[in-house]
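Q: Could you take me slowly through one part of this structure, explaining how its pieces meet and which side chains take part?

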Amino acid sequence: MPIKYNLTKYDVLANKIHKLSLKYSKSSQMDDETGDEEESDLKYIAIIVASLTSSHSWQTHKCIESQTDGFNSENVKGEYSEAAKERWKHVTSSDINELANLNISDSIFYRWLFFNIDKSDQESYKRAWKQLKDEIENPTEGVTQS
């Protein structure tokens with residue numbers, strides 16, 4: 001009898017991120033630019049998750065939980081920088097689940113965005129945030145059991 005398990009969109013998304021990180025782990029191409037728009041959006045989603053969750057960015061996570069204006073600190077900027085360089089490659093479904101449970105409002109996200117992301121990249125992050133929120137709001141929709 002086959003083993004049955006439940007997959008959520010968080011698992012599927014984390015798997016896509018993992019595959020993308022493996023694809024570009026041997027080259028520096030991913031550090032500057034991704035192959036196509038879908039890969040680029042996926043990387044931005046992974047950076048957002050790595051930038052806002054406690055296992056990757058503790059100082060940023062504390063700012064979100066306390067809803068303070070610490071997003072302009074050097075610690076938060078450093079955590080974003082690390083998330084954009086390497087930490088995005090280690091995002092798990094647990095991280096995505098944590099982000100879903102944080103219920104981050106758009107205003108908090110945009111505040112973080114304003115202080116940490118170059119203006120030229122902000123539209124890409126906004127698009128990725130919208131896609132991520134869609135995934136978070138319906139974690140099991142469209143996923144089958146096997």
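A: What follows is a close look at helix 8 and its partners.

The model is a predicted one, and within it helix 8 covers residues 122-137. A good place to begin is the place where helix 8 meets helix 3, which runs over residues 37-52. Two packed helices are described by the angle between their axes and the distance between the axes. Here the axes of helix 3 and helix 8 come within 9 Å and cross at roughly 80 degrees, and because angles of 65 to 115 degrees count as roughly perpendicular, helix 3 is described as roughly perpendicular to helix 8. On the side of helix 3 the contact is made by E37, D41, Y44, I45, I47, I48, V49 and L52, while helix 8 brings S124, Y125, R127, A128, W129, Q131 and L132. Sorted by character, the residues of this contact comprise ten nonpolar, two polar and three charged.

The nonpolar part of the picture can be followed through I48, which, leaving aside its neighbours within four places in sequence, is in contact with F109, Y125, A128, W129 and L132. I48 is also among the residues with the most contacts inside the largest nonpolar core, a group of 38 residues, and Y125 and L132 are listed there as well. Helix 8 is one of the elements that give two or more residues to this core, although the largest share, nine residues, comes from helix 3. In soluble globular proteins, nonpolar side chains tend to be buried together.

The charged side chains add another layer. Side chains of opposite charge can pair when their charged atoms come close. D41 and R127 meet in a salt bridge, with N and O 2.9 Å apart, and this pair links D41 in helix 3 with R127 in helix 8, 86 residues apart in the chain. D41 counts as buried because its relative accessibility is 6%, whereas R127, at 33%, is partly exposed.

A further salt bridge joins K133 and D106 at 2.8 Å, N to O; since K133 lies in helix 8 and D106 in helix 7, the pair ties together parts that are 27 residues apart in sequence. K133, at 24% relative accessible area, is partly exposed, and D106, at 30%, is partly exposed too.

Within helix 8 itself, K130 forms a salt bridge with D134, the closest N and O atoms being 3.8 Å apart. These two residues are separated by about one helical turn because they are four residues apart in helix 8. K130 is exposed, with a relative accessible area of 53%, while D134, at 38%, counts as partly exposed.

Key
Residues are numbered from 1 along each chain as its sequence is written. This is a predicted model: local features need pLDDT of at least 70, side-chain atom pairs count only at pLDDT 80 or more; totals for chains, interfaces and linings use all residues. Side-chain values use heavy atoms; hydrogens and water are left out. A nonpolar core is a set of buried Ala, Val, Leu, Ile, Met, Phe, Trp, Tyr and Cys residues joined through side-chain atoms within 4.5 Å. Buried means under 20% relative accessible area, exposed over 50%, partly exposed in between (1.4 Å probe, protein chains only). Contact means heavy atoms within 4.5 Å. Axes are lines fitted to C-alpha atoms, for helices over the stretch in contact, and angles run from 0 to 180 degrees between N-to-C directions. Angles under 35 degrees count as roughly parallel, over 145 as roughly antiparallel, 65 to 115 as roughly perpendicular and the rest as oblique. Ala, Val, Leu, Ile, Met, Phe, Trp, Tyr, Cys and Pro count as nonpolar, Asp, Glu, Lys and Arg as charged, and the others, Gly among them, as polar. A salt bridge is a side-chain nitrogen of Lys or Arg within 4 Å of a carboxyl oxygen of Asp or Glu.
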